[in-house]
Amino acid sequence: MAPTLTIAPVPTVKAHKGSVAVVTFKAALPPGYHANSNTPTDAYLIPLTLKWTGGPLQADGITYPKPAQEKYSFSEKPLSVVTGEFSISTKFKVPADAATGASAQNGTLRYQACNDRMCFAPKTVPVMLSLDIE
Amino acid sequence: MNTFNSHLRLAVVVSVAVILGIIACSPARPTGPVVRDDSKRKHAPDFALKDADGKLVHLADYRGKVVLLDFWATWCGPCVIEIPWFQEFQRKYKDRGFEVLGVSMDDDGWKAITPFVQRRKINYRVVLGDDKTGDQYGGLEALPTTFVIDRNGRIAAVHVGLASKKDFSDAIEKLLEDPALPAAGNSIRSDGSDADHRAGTHS
């Protein structure tokens with residue numbers, strides 16, 4: 001019953017030492033469900049949050065999807081949400097002294113989903129990027 | 001004249017058939033309080049959870065009362081809509097042997113719950129839930145999940161997701177009319193089975 005957020009596989013990222021790499025991945029929620037955006041309308045709501053937890057790259061800014069303002073039967077005012085397919089981009093700095101070759105960048109995406117009648121416990125899903133550092 | 005009477009009779013028969021057909025084909029009315037038959041009610045599993053003051057609250061403490069047991073969270077929009085209804089029920093029915101007990105499933109615990117309860121001036125007891133209690137009540141995949149428990153500690157109605165205020169009030173009214181069974185065979189154990197022990201009364 002709880003909706004599953006799916007993350008599309010990302011092709012191996014070719015990153016050049018000392019440069020900047022912008023990586024975008026797509027995620028999707030099933031129809032009829034929404035998740036709070038990164039900037040929810042109420043402090044009690046749990047925001048969509050991407051965290052990079054390990055790997056050779058240094059995250060230098062995350063661009064979350066533009067939220068939709070949607071009204072639900074349980075909300076007195078529109079909520080700031082994401083629905084369907086959405087993208088999240090991260091700008092990475094590639095350290096000049098990063099090791100050459102294949103590696104991985106790991107992170108987590110936390111979200112909390114609801115439909116029009118009920119909400120589901122917050123979930124954290126892993127995000128992994130394959131890197132090829134040159 | 002006979003022809004006229006025949007036509008009149010036919011018209012009446014057709015009209016009645018049409019009316020009956022309309023009634024039969026009408027969309028179902030919203031279901032009223034889904035209160036289970038007495039024989040189909042199972043005991044609500046007991047639990048021991050702490051309130052904001054750190055006091056242990058057992059569901060068994062509420063034996064003899066009708067209890068609205070609301071599993072909710074501060075981040076759950078549909079839960080928040082129902083809270084003013086439950087506050088109203090607490091005021092309206094408390095003197096007739098009714099209590100609302102909120103079980104918050106917030107991972108952040110009292111740090112999240114206390115300011116919320118204060119801001120909303122919640123007038124019923126709230127305890128902090130845990131996974132074990134959630135599992136006892138079927139896993140609680142979605143919130144709100146609300147159980148209406150009869151005076152004998154048995155689950156009389158369950159609502160998963162946002163329900164209607166009337167469904168709750170109808171169920172409460174109905175259950176308040178029922179007397180509690182004699183104490184023997186009427187207590188609650190954590191495994192949901194019958195047990196013959198007395199529990200304290202929550203004031």
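Two residues count as being in contact if their C-beta atoms, placed from the backbone, lie within 7 Å. Keep that in mind as you work through this predicted model.

**Exercise 1.** Work out what share of the contacts in chain B between residues at least 6 apart in sequence join residues at least 24 apart.

*Solution.* Start with the contacts in chain B whose residues are at least 6 apart in sequence. Then pick out those joining residues at least 24 apart: they make up 75%. While you're in chain B, note its five helices and 11 strands. Of its 203 residues, 35% are buried.

**Exercise 2.** Describe how chain A and chain B touch, going from residue counts down to a single pair.

*Solution.* First, count the residues: chain A gives 15 and chain B gives 13. On the chain A side, 11 are nonpolar, three are polar and one is charged. Next, look for strands that pair across the chains: E12 of chain A (residues 119-120) runs antiparallel to E7 of chain B (residues 142-143), with two bridges. Finally, zoom in on Phe120(A), which sits opposite Ala142(B) in E7(B).

**Exercise 3.** Trace the four-stranded open sheet in chain A and find its edge strands.

*Solution.* Begin with the order, which is E1-E3-E9-E6, with antiparallel pairing. Now look for strands that pair on one side only: these are E1 (6-7) and E6 (58-63) of chain A, so they are the edges. Then follow E1(A) to its neighbour: two antiparallel bridges link E1(A) with E3 of chain A (residues 20-28). To finish, find Ile7(A), whose bridge partner in E3(A) is Ala27(A).

Notes:
Residues numbered from 1 in each chain as written. Chains lettered and ligands numbered in written order. Predicted model: local features only at pLDDT ≥ 70, side-chain atom pairs only at ≥ 80, totals over all residues. Nonpolar A, V, L, I, M, F, W, Y, C, P; charged D, E, K, R; others polar. Pairing = 2+ DSSP bridges. Buried ≥ 20, exposed ≤ 12 C-beta atoms within 10 Å, placed from the backbone.
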